[in-house]
Amino acid sequence: MLKSIAIVTLVVRSLAVVEPAWQQGLHYTTAVRGEVSSELAQAWDTAAMRGQPYVLMRPASGASVFLRIIEAPAGTVVPEPLLTYGWNATELLVMDPDALARSVPDAGFRVVGPPANLGAGEQAPRAMQAVGPGSELLYLTRIIPGGMPYDLGAARSPVDRVFITVVGGASMAELRAFYQDVLGLQLGETMQWAIGVLGRAHGLPAGTKFPLAVARLPRDFLVELDDYPDSARPRSRAAGALPGGMAMVSFTSDSIAGIPARWRRKPAVIWEFPYDGRKVAATIGPAGEWIEVLETAASAAAAR
């Protein structure tokens, strides 16, 4: 039912700090600068977000997978990554994680996982992890075509588009049921996987393994489902606001009507970029993660 990832939304303390860090360190460009409209805040059922300043950024490759950074309204707590349930990490395609590990600290990113191969062989993916000035956790991954069992593409600029988003929850069973039965994604088997940054965040021994599963979109994108340790907590949220940190992931779909989710508001048509007259609806997953669905351009045109 879901086709692709369209937008990752971060809610941060200071837009003026985070935007230039992405420009300098990751070569993202600002496509739109504005304030959250009344129509969009209503579609999300988040009255406190109305009027909040935001930017919409895209990678140097020009890929139409956007990063939306919104300045948090009063009362919003922006948590450190991996300590609360919900969306916790954004994975970007890159060309050279080793070079980025040397350069991104100058732009305000903190390396929390040095570059390492994710498997054996010359075609193995190579990744590093960094936390940005908005407390956003990034996985920066080089993929050589043919090096993974999924059709995910490869970077076309030094830092390219989002291709995986990571959600952590208290129950793998609930995550699997939601992403498979409600959102219609194809899930792989649950594996036990050593997630170094997660273990370190919770003070667990090196090599601690966590249940992990992968939900596949038709091509180019995955959602990683992680079962978090008991020390993780639900993410707080100010009244009428999105949660702080990595708040929401927006997906495209041919039909919102075909998705059996509990929408916060009746699906609405939003005309501002990048919605461009498409129908939009938002829901909340089992880990407290916010999910926005945008109908494809074809279905929006047919509706008109």
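A residue counts as buried under 20% relative accessible area, as exposed over 50%, and as partly exposed in between. Keep these cut-offs at hand, and remember that the model on screen is predicted.

**Stop 1: F273 and its surroundings**

Select F273. Its relative accessibility is 35%, so F273 falls in the partly exposed class. Now add F66, which at 4% counts as buried. A pair of aromatic rings is described by the distance of the centres and the angle of the planes. For F66 and F273 the centres are 5.5 Å apart and the planes stand at 85°, so this pair is edge-to-face. F66 belongs to strand β4 (residues 66-71), while F273 is in the loop between β15 (268-270) and β16 (278-284); the two are 207 residues apart, and the pair links these distant parts of the chain.

Stay with F273 and select P274 as well. The peptide bond joining F273 and P274 is cis, with omega about 5°. P274 is in the loop between β15 and β16. Most peptide bonds are trans.

**Stop 2: helix α1**

Select residues 15-26, which form helix α1. How far apart are the end C-alpha atoms of α1? They are 16 Å apart, which agrees with the 16 Å that twelve residues should span at 1.5 Å a residue.

Colour the buried residues of α1: L15, V18, E19, A21, W22, G25 and L26. They lie on the same side of α1, because they cover an arc of only 160° around the axis. An α-helix has 3.6 residues a turn, so residues three or four places apart point the same way. Turn the helix over to find A16 and Q24, exposed residues on the face away from the buried side.

Just after α1 comes H27, in the loop between α1 and β2 (29-35). H27 is partly exposed, at 39% relative accessible area. Its phi is positive, about 60°, although H27 is not a glycine. Most residues other than glycine have a negative phi.

**Stop 3: the rings around W22**

Go back to W22 in α1 and add F109. These two form an edge-to-face pair, with 6.4 Å from centre to centre and 70° between the planes. F109 is in the loop between α3 (97-103) and β6 (110-117), so the pair ties together parts that are 87 residues apart in sequence. W22 is buried at 1% relative accessibility, and F109 is buried too, at 4%. Add Y28 to the selection: ring pairs link W22, Y28 and F109 into a cluster.

**Stop 4: strand β14**

Select residues 245-253, strand β14. Is β14 enclosed or open? Nine of its nine residues are buried, so β14 is largely enclosed by the rest of the structure. Next show its partners. Strand β1 (residues 2-12) pairs with β14 in the antiparallel sense over eight bridges, and here T9 stands opposite M248. Strand β17 (residues 290-295) pairs with β14 in the parallel sense over six bridges. In that pairing T252 stands opposite L294.

**Stop 5: two further selections**

Select R161 and F221. The charged end of R161 sits over the ring of F221, 4.9 Å from the ring centre.

Finish at S135, in the loop between β7 (126-131) and β8 (137-142). What is the sign of phi at S135? Phi is positive, near 65°, in a residue other than glycine. S135 is buried, with a relative accessible area of 10%.

Methods: Residues numbered from 1 in each chain as written. Predicted model: local features only at pLDDT ≥ 70, side-chain atom pairs only at ≥ 80, totals over all residues. Heavy atoms only, no water. Phe/Tyr/Trp six-rings, centres within 6.5 Å; stacked < 30°, edge-to-face > 60°. Helix = DSSP H or I, 4+ residues; strand = E, 2+ residues; numbered from the N terminus. Buried < 20%, exposed > 50% of the residue type's maximum accessible area, 1.4 Å probe, protein only. Lys NZ or Arg CZ within 6 Å of the ring centre and 35° of its normal. Expected span 1.5 Å × (residues − 1). Arc of directions from axis to C-beta. Pairing = 2+ DSSP bridges.
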